[in-house]
Amino acid sequence: MNRIIRSLSALLLPLALVLSPGPLEAQTGDGGIVSHQVTVAAGAAALELEFRDGRGLSLEFRDGQILVDGSVVGSYRAGDELESAWRTLLGRAVALENGSIGDLLREWTPPTGLGDDAAGAARTIQERLSAELEPEVDTPSLLRVDGQDQAGDVLAQLLTRPEWLRALTGTVADLTPRDLRVHVGETVRIAPDERVAASLLGLESDFQVDGQIEGDVILLGGSIVMGNDGIIEGRLRWFDTQGAEEVAERVSGGVARMDPVPARPEATLRDEIRREVEAALEAGERARDRSAAPPSRVVVSTGTGERGFFRNVGRGIAQVLQTVVTFGILLGLGLVTLHFFPRHFEIVARTARNAPGRSGLVGVASGILAFPIWIAGIVLLAVTIIGIPVMLLWIPLFPLALMAAGTLGFLAVSRNAGSWLGRRGLQGLDSLDGPRPAMQLAAGLALLLGLFAVAGVFRMGGAWFSIFQGVVTFAGVLLVVITGTVGLGAVVLSRGGRDPLYAGSGWAWGGSDPWDDDEPPTPPSGAPRPQGGGPGTPPPASSVGEQRPDPDGSPSDEN
Amino acid sequence: MRTDSGVLSGLTLAFLILVSGLFLPGAVDLGAQTPATFQAARDVGTERELTVEVQYGAGTFTLTPAAAGRLYQLRAHFDEEQQEISHRYRDGHLEIRSHVEGSTRLRGGLRRTAEHGELNFRLGNRVPVRLDLELGAVQAELELGGIPLRELSFTTGASDTRLDVSRANPVEMERARFQIGAAAFKARGLGRLNAEEIKVDAGVGDVRLELDGLLRDRTRLEVSMGLGNLEIAVPPQVGVRLTRSGFLVSMDAPDLVRNGNVWQSRNWDESRQQIEIQLGAALGSVSVETLGR
């Protein structure tokens, strides 16, 4: 309903301008209040006002005390007559949609028959309200309608000529706020020695201007003739007026024909009205529901509980599915890598297993240095003409290579996790033990991503499980970050799975390499020899599953 | 093995107990309500622009145009045991925040807060607004028709949101941004936002975007979708070009002609108004339909 009122208000704005008893800026009914704040709760009923000149007023009933601007002026008992009257007043203020709270406060009178203390406090409140609220002033009209009882004529003229109304709508927005005289169906003559210190609005009026008009002239219909001494200092705007175009040279502010604001399509207006009526009916029902309850006992039922539960279940299922899809994608990538690059995959996995600390540190360093290296590469390549085409490849390929390395490392460590799971001896998981990299990879990924699926299950429980969901998600993210970092480091340490230096004794010089048909490389003379994947001691030709120290110096359990 | 199984059994049991606790009668009815009402309103003063930040955690939220002469109005109903509403205005900057008590979540009060909390917010039509809305577990209805919005940022965690722009935004907007976590989001009249670019980041859920009422000759829509269903509806006279990136996304655009990863309407070249859609989606279905058909 508000929008209907606003629509009509917009339509009748010109009328308001013409017929209003005061200027548009003045809002006498609100007592100078520019802002108000109402709080109604169990232990408090408070009103705060702010006035146009910056003054403020705070009136509070709080925890048995009555406060005005923070100072105690009396006391009350919960539910007593004064507090009930105050709460009723605030309830009415809350219920006000667009009405004047100033009028409401001005009209408030405390109940009679109060005790001395309560009566004193009530009197203080009423006096402060009277003192602070600006009195309702009968502001002298700046807009004057000449002639008696012409307001009705103005209304009738405008309402029967909608194109005039629309023309006026487009004009009033920038109308100089001066004294405005309105003439309806009159013959108006400005005498040669006459000086009009106002703007004129003529509706179907005939103007003969031989004197001077200081303000603007707006003419709807009618005619205008200007004598030799006649002059309009403001602007002349006209619509459907005879002679208006011929008097341009006597108008200092220029002459302009008013263009009617285009009418809104009926269908649009009809739809808006229909929606407004529906909204107003709903609002009315809600207001009736609320008014049936005490002012402070507001209960709004949204009926979202069951839907919220099913929504949570849906979202939880979605998260589980998301995890499953991620699992599938990673498993696919892993199987492809295992199929085409089995040796590289194995070397990275063993590097991560035998040198987890070193891999982790290298992974962290790689993560930190990746961006500066990328930027440095761009800068270095950009300074040479030859480097520019290489730079165009460097920009996308370096991040891609880094992502590929991280993924490879993550998959390799996942495979290690699957292998570890197989060695736990858990029933049903025995088959993971042994040289079954694909199954180990699948089991490892399930282990690492499983936490996200569990988080999805907790999510189904909604807000009550949000803390569990958060903890599990955090653990999952932490696990994935650690795995990815160690994996990335292992990829770097093993030069992308090509260098078995840290891959353990079975992979270093002299060790057997099930993926390699060639003889193992002979270490360069004088070169440090790895010990358990690290430099130092020649490793025995051992198979996978041996107990040996890891390159970080700590024992590593391969079993 | 025994230890692992024991831990697993324990976790399962704990989970079942917690789940069953949800359905026990009165499991969530652990305390009485203390309803409270808060209302604030301000008339237009000397403001040239209004910056509004709203953070509302749980409940029902509505945003509609305010009465003439009002800068803004807000009215909140809430349970003061569980929620606080704060409101601060200073020099053209308005902040409205709700705070849900920390212990409420575990006492089962969040749902109750969401059921009984309500915030009605209105914005005037005389002062241009930069609006930043952050909603949590909220059922939201936004009617932005006629509100002069210079900027719009809408973030929601897990809410059902219906947005309607029934009347044109009288000021030009550079960008409208919607970040939708796991939610249902339906928007009508997005063209009336008068935005050069509309950006939608959606995580999981159902999203419907109706671009009717276009005011600009060229509008860019950028949609990033994680998992879920996305429906885009465009007016028939408007030229549409959609570029898709992503995988595992099913596209249904019967009125558009496909060329690789680009879908384009037949009237693209001669249409006065055009919408360029950049779509990035990971998993789900996307449909582009023509309004009124």
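A residue is called buried when its relative accessible area is under 20%. The exercises below apply this and related terms to a predicted model.

**Exercise 1. Compile the burial, secondary structure and surface of each chain.**

Step 1. Take chain B: of its 293 residues, 54% count as buried. Its secondary structure consists of two helices and 17 strands.

Step 2. Take the surface of chain B. About 12,700 Å² is exposed, and carbon and sulfur atoms supply 49% of that area.

Step 3. Take chain A: 559 residues, of which 41% count as buried. Here there are 14 helices and 21 strands. The accessible surface is about 28,200 Å², with 61% belonging to carbon and sulfur atoms.

Step 4. Add the contact range, considering residues at least 6 apart in sequence. In chain B, 60% of such contacts join residues at least 24 apart; in chain A, the share is 52%.

**Exercise 2. Classify Arg42(B) as buried or exposed, and list what surrounds it.**

Step 1. Locate the residue: Arg42(B) belongs to strand β1 of chain B, residues 35–43.

Step 2. Apply the cut-off. Arg42(B) has a relative accessibility of 8%, so it counts as buried, the limit being under 20%.

Step 3. List the contacts, leaving out residues up to four places away in sequence. From chain A, Arg42(B) touches Val34(A), Ser35(A) and Glu50(A). From chain B, it touches Glu47(B), Arg70(B), Leu71(B), Tyr72(B) and Tyr89(B).

Step 4. Pick out the polar contact: the side chains of Arg42(B) and Glu50(A) are joined at 2.6 Å.

**Exercise 3. Classify Ile368(A) as buried or exposed, and describe the patch to which it belongs.**

Step 1. Locate the residue: Ile368(A) sits in helix α11 of chain A, which covers residues 356–382.

Step 2. Apply the cut-off. The relative accessible area of Ile368(A) is 58%, so the residue is exposed; that class requires over 50%.

Step 3. Identify the patch. Ile368(A) forms a nonpolar surface patch with Val364(A), Leu369(A) and Ile373(A), and together they have about 360 Å² of accessible area.

**Exercise 4. Find the residues with the most contacts inside the largest nonpolar core, and follow one of them.**

Step 1. The largest nonpolar core has 74 residues, and those with the most contacts inside it are Phe61(B), Phe121(B), Phe178(B) and Leu193(B).

Step 2. Another core, of 31 residues, lies apart from it; among its members are Val68(A), Ala93(A), Ile101(A) and Leu104(A).

Step 3. Follow Leu193(B). Not counting residues up to four places away in sequence, its contacts include Leu144(B), Leu149(B), Val165(B), Met173(B) and Phe178(B). Asn169(B) is also among the residues it touches.

Note on methods. Residues numbered from 1 in each chain as written. Chains lettered and ligands numbered in written order. Predicted model: local features only at pLDDT ≥ 70, side-chain atom pairs only at ≥ 80, totals over all residues. Heavy atoms only, no water. Patch = residues over 30% accessible without salt bridge, like charges linked within 9 Å, V, L, I, M, F, W, Y side chains within 5 Å. Areas by Shrake-Rupley, 256 points an atom, 1.4 Å probe, with all protein chains shown as cover. Salt bridge = Lys/Arg side-chain N within 4 Å of Asp/Glu carboxyl O. Helix = DSSP H or I, 4+ residues; strand = E, 2+ residues; numbered from the N terminus. Buried < 20%, exposed > 50% of the residue type's maximum accessible area, 1.4 Å probe, protein only. Core = buried A, V, L, I, M, F, W, Y, C linked by side-chain atoms within 4.5 Å. Contact = heavy atoms within 4.5 Å. Polar contact = N/O pair within 3.5 Å; in protein donor to acceptor, adjacent residues only side chain to side chain.
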